[in-house]
Amino acid sequence: MSAEIIDGKATAKLVRDDVADGVAELVAAGGTAPGLATVLIGDDPASEVYIRNKRRACTAAGMTDLHQHLPGDADQETAAALIDRLAADPAVSGILLQLPVPVHLDPDALLARIPADKDVDGLTTANAGLLAQGRPGLRPCTPSGVMVLFDRHGVELEGAEAVVVGRSVLVGKPMAQLLLERNATVTLCHSRTRDLAEVCRRAEVLVVAAGIPGLIGPDHVRPGGTVIDVGIHREAGGLCGDVDSAVSEVAGRLTPVPGGVGPMTIAMLLANTLTAARRLQGMGER
Ligand code: NAD
C-alpha cells in the first residue's frame, strides 16, 4: 500500500490565503499593511532565488516589500547599521537576514541586533528562549510549517511517539520543542545516535532534517507512521529529500520533495510577518 501524500503546496496556499485575508482585515481596521525587510548581503545565486520567492509571496499577500541589498564586500559595521535602521523603522514589521552571509561577517552578531518582535525567522536568542520556556513568541518558519501540516492533515500529536532526526537550531531543535509543546513524547536523534533505524521505528510521527539524501529507508519507518521529509537536495535527477522513495510502501502518510515542507516555510514567514505587524500596531491576534 502506498502512503497518503501530504500536499504541502496546497496547504501552503491555504495559509497564504489566510494571511492575505488577515492583511486586508488589518488595513480595513485602520492598521498599516505589514512591511517585510528581507536583507541580502552579496550575490549568492541560491540566496537570490530564495529572496526573490519570499519577496513575491510577500507582495502577493498584500504586504509591503522593503527588501534591502548590500554588496558582498560590505563590512560588519555597515550591515549592523542597516539592521539597526530597520529595527527602528515603524514601517518595518519583520526583518529577515538571508543566511549564509559572506564569510567575513559574523551572522550571530547581526542576528542579535534584530529585535525579538521583528524576528520573523524566529532565530534570535530571545525567541529561542521563549520557545524553550513554552511562552508565546515568533517561531522558526520550517518547524512551525510542519506543525501546520500535522494540524491540517489530522495527525494526532497528543501522547504520540515523535522522533526528530537532526538537532540544528534552524530545524531539529525547535521542531522537537514544538512537538513537546503539543504533548508528544519526543526523541531527538543526531549524528551520534547509536541505532538510528531502531529509534526511528518507534515513531508514530517521524520528522527528518539531517541533510543526507536517502538517509531514511523503509527499515527506519513504523508501518502506518507519518513521515515528514525536511531535507532538500539538488541531484542529477531533480530535487530529493532525506527520505528514500521506498518509504512510501511502509509509511501511512508522507511529505513529497519538492512540494512538501518547502512551500510551508515561505507561508509561515508571511504568517509570522502578519503576527509581528499586528503586535507592533497593537491590533492583537486574530
Ligand atoms: P544541519 O546540517 O544544520 O543539521 C543537520 C543535523 O542532522 C545535525 O544536527 C546532525 O547531528 C544531524 N545528522 C547528520 N547526520 C546524521 C545521521 N547520520 N544520523 C542522524 N542525524 C544526523 O541542517 P539543517 O539546517 O537542519 O537542514 C537539514 C536539511 O533540511 C537540509 O537538507 C536542508 O537543506 C533542509 N532544509 C529545508 C528547509 C525547507 O524549507 N524545506 C528549511 C531548512 C532546511
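Here is a short walk from one strand of this predicted model to its ligand.

Start by selecting residues 161-165, which form strand E6. Color them by how covered they are: four of the five are buried, so to speak of this strand as mostly covered is fair, as buried here means under 20% relative accessible area.

Next, add residues 185-189. That's strand E7, and E6 runs parallel to E7, with five bridges joining the two. To see one of those pairings up close, pick Val163 and look across to Thr187, its bridge partner in E7.

How does the chain get from E6 to E7? Show residues 172-181, helix H7. Together, E6, H7 and E7 make up a right-handed β-α-β unit.

Now bring in residues 205-208, strand E8. E8 is parallel to E6 as well, and four bridges link them. Click on Val164 here: Val207 is its bridge partner in E8.

Time for the ligand. Select the residues around it and you'll get 22, with Arg167, Ser168, His190, Val230 and Thr265 coming nearest. By class, that shell holds 11 nonpolar, 10 polar and one charged residues. Highlight residues 261-280 too: this is helix H9, which gives the largest share of the shell, three residues.

Zoom in on some backbone contacts:

- His190: a polar backbone atom sits 3.4 Å from a nitrogen atom of the ligand.
- Ser191: a backbone N or O atom is 3.1 Å from a ligand oxygen atom.
- Ile232: a polar backbone atom lies 3.2 Å from an oxygen atom of the ligand.

Finally, turn on the surface. Taken alone, the ligand exposes 860 Å², and the protein buries 71% of that.

Definitions and conventions:
Residues are numbered from 1 along each chain as its sequence is written. This is a predicted model: local features need pLDDT of at least 70, side-chain atom pairs count only at pLDDT 80 or more; totals for chains, interfaces and linings use all residues. Side-chain values use heavy atoms; hydrogens and water are left out. Buried means under 20% relative accessible area, exposed over 50%, partly exposed in between (1.4 Å probe, protein chains only). Two strands pair if DSSP finds at least two bridges between them. A crossover is right-handed if, with the strands pointing away from the viewer, the path from the first strand over the helix to the second runs clockwise. A residue is near a molecule or strand if one of its heavy atoms lies within 4 Å of it. A polar contact is a pair of N or O atoms within 3.5 Å; within protein, one must be able to donate a hydrogen and the other to accept it, and residues adjacent in sequence count only if both atoms are side-chain atoms. Accessible areas come from the Shrake-Rupley method with a 1.4 Å probe; for residues, only the protein chains shown count as cover. Ala, Val, Leu, Ile, Met, Phe, Trp, Tyr, Cys and Pro count as nonpolar, Asp, Glu, Lys and Arg as charged, and the others, Gly among them, as polar.
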